[in-house]
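The following paragraphs are meant to be read alongside the sequence and the coordinates, moving from one element to the next. Please keep both in view while reading.

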Amino acid sequence: MRIGELAKATGTTARALRHYEQAGLISSERASNGYRVYDERAVVRVGNIRYLLAAGLTLDDVRVFLPCLDGDVAAAPPSDKGLRVALQRLAVLNQRIAAQTEARDRLETALQQAVGGQVPVT
């Protein structure tokens with residue numbers, strides 16, 4: 001299938017697919033007209049990539065899961081390396097959330113002091 005067909009089948013964009021390919025997560029052949037042509041299995045692979053990205057992993061993190069991207073990543077037991085990567089990413093996300101919560105609290109306090117009371121939450 002061509003890149004537009006794969007994008008439609010996976011709910012992503014051709015740009016994202018080219019990015020995944022550049023990152024070494026998917027591959028294509030070139031047709032005689034120069035168009036990228038993907039194997040039908042690419043649908044599962046892209047779905048798994050999107051699943052892992054939606055879970056908070058980065059493209060670099062996803063590379064650890066290359067051996068199992070053609071199967072059911074969500075149902076497969078994680079490898080030790082995959083588990084380590086996921087735990088490290090969780091720690092990073094928790095740190096970011098804590099930093100953002102602190103920033104929000106400081107801003108809310110500053111606004112309360114500036115207006116002399118409650119700040120409406122939107």
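Is Arg 104 buried or exposed? With a relative accessible area of 51%, Arg 104 counts as exposed, because the cut-off for that class lies at over 50%. The model is a predicted one, and the values given here are computed from it. The side chain of Arg 104 meets that of Asp 105 in a salt bridge, with 2.9 Å from N to O, and Asp 105, at a relative accessible area of 32%, is partly exposed.

A walk along the chain can begin with helix H1, which comprises residues 3-10 and in which Ile 3, Leu 6, Ala 7 and Thr 10 are buried. Seen down the helix axis, these buried residues of H1 fall within an arc of 100°, and they therefore line one face of the helix. The background to this pattern is that an α-helix has 3.6 residues a turn, so that residues three or four places apart point the same way. As for what covers this face, the buried residues of H1 pack against helix H2 (14-22), strand E2 (36-37) and helix H3 (42-54). Just after H1 comes Gly 11, which takes a positive phi of about 70°.

The loop between H1 and H2 contains Thr 12, which has a relative accessibility of 14% and so counts as buried. When its neighbours within four places in sequence are left aside, Thr 12 is found in contact with Ala 7, Leu 17, Tyr 20, Val 46 and Arg 50. Of these partners, Ala 7 is one of the buried residues of H1, while Leu 17 and Tyr 20 are among the buried residues of H2.

Helix H2 itself has Ala 16, Leu 17, Tyr 20 and Glu 21 as its buried residues. These four cover an arc of only 140° around the axis, which puts them on the same side of H2, whereas Arg 15 and Gln 22, on the other side of the helix, are exposed. The buried residues of H2 pack against H1, E2, H3 and H4, and H2 is followed by Gly 24, whose phi is positive, near 85°.

Further along, the loop between strand E1 (29-30) and E2 holds Asn 33, which is partly exposed with a relative accessible area of 48%. Asn 33 and Ala 14 are 19 residues apart along the chain, and their C-alpha atoms are separated by 17 Å.

The salt bridges offer another route through the model, which holds six of them. In one, the side chains of Arg 41 and Asp 39 meet at 3.1 Å, N to O; Arg 41 is exposed, with a relative accessible area of 58%, and Asp 39 is partly exposed, with a relative accessible area of 39%. In another, Arg 89 is joined to Asp 61, with the closest N and O atoms 2.6 Å apart. Because Arg 89 lies in helix H5 and Asp 61 in helix H4, this pair ties together parts that are 28 residues apart in sequence. Both Arg 89 and Asp 61 are buried.

Helix H5, which comprises residues 80-115, deserves a check on its length. At 1.5 Å a residue, its 36 residues should span 52 Å, and the end C-alpha atoms of H5 are indeed 52 Å apart, so the two values agree. The buried residues of this helix are Gly 82, Val 85 and Arg 89, and they pack against helix H4 (59-62). After H5 comes Gly 116, with a positive phi near 75°.

What do Leu 83, Leu 87 and Leu 90 form on the surface? They make up a nonpolar patch, with about 270 Å² of accessible area together. Leu 90 lies in helix H5, and its relative accessibility of 44% is the reason why it counts as partly exposed. Helix H5 thus brings together the features just described: Leu 90, which belongs to the nonpolar surface patch, lies in H5, and so does Arg 89, the partner of Asp 61 in helix H4.

Note on methods. Residues are numbered from 1 along each chain as its sequence is written. This is a predicted model: local features need pLDDT of at least 70, side-chain atom pairs count only at pLDDT 80 or more; totals for chains, interfaces and linings use all residues. Side-chain values use heavy atoms; hydrogens and water are left out. Patches are made of residues with over 30% relative accessible area and no salt bridge: like charges are joined within 9 Å, nonpolar side chains (Val, Leu, Ile, Met, Phe, Trp, Tyr) within 5 Å. Accessible areas come from the Shrake-Rupley method with a 1.4 Å probe; for residues, only the protein chains shown count as cover. A salt bridge is a side-chain nitrogen of Lys or Arg within 4 Å of a carboxyl oxygen of Asp or Glu. Helices (H or I, at least four residues) and strands (E, at least two) are DSSP runs, numbered from the N terminus. Buried means under 20% relative accessible area, exposed over 50%, partly exposed in between (1.4 Å probe, protein chains only). The arc is that of the directions from the helix axis to the C-beta atoms. Contact means heavy atoms within 4.5 Å. The expected span of a helix is 1.5 Å times one less than its number of residues.
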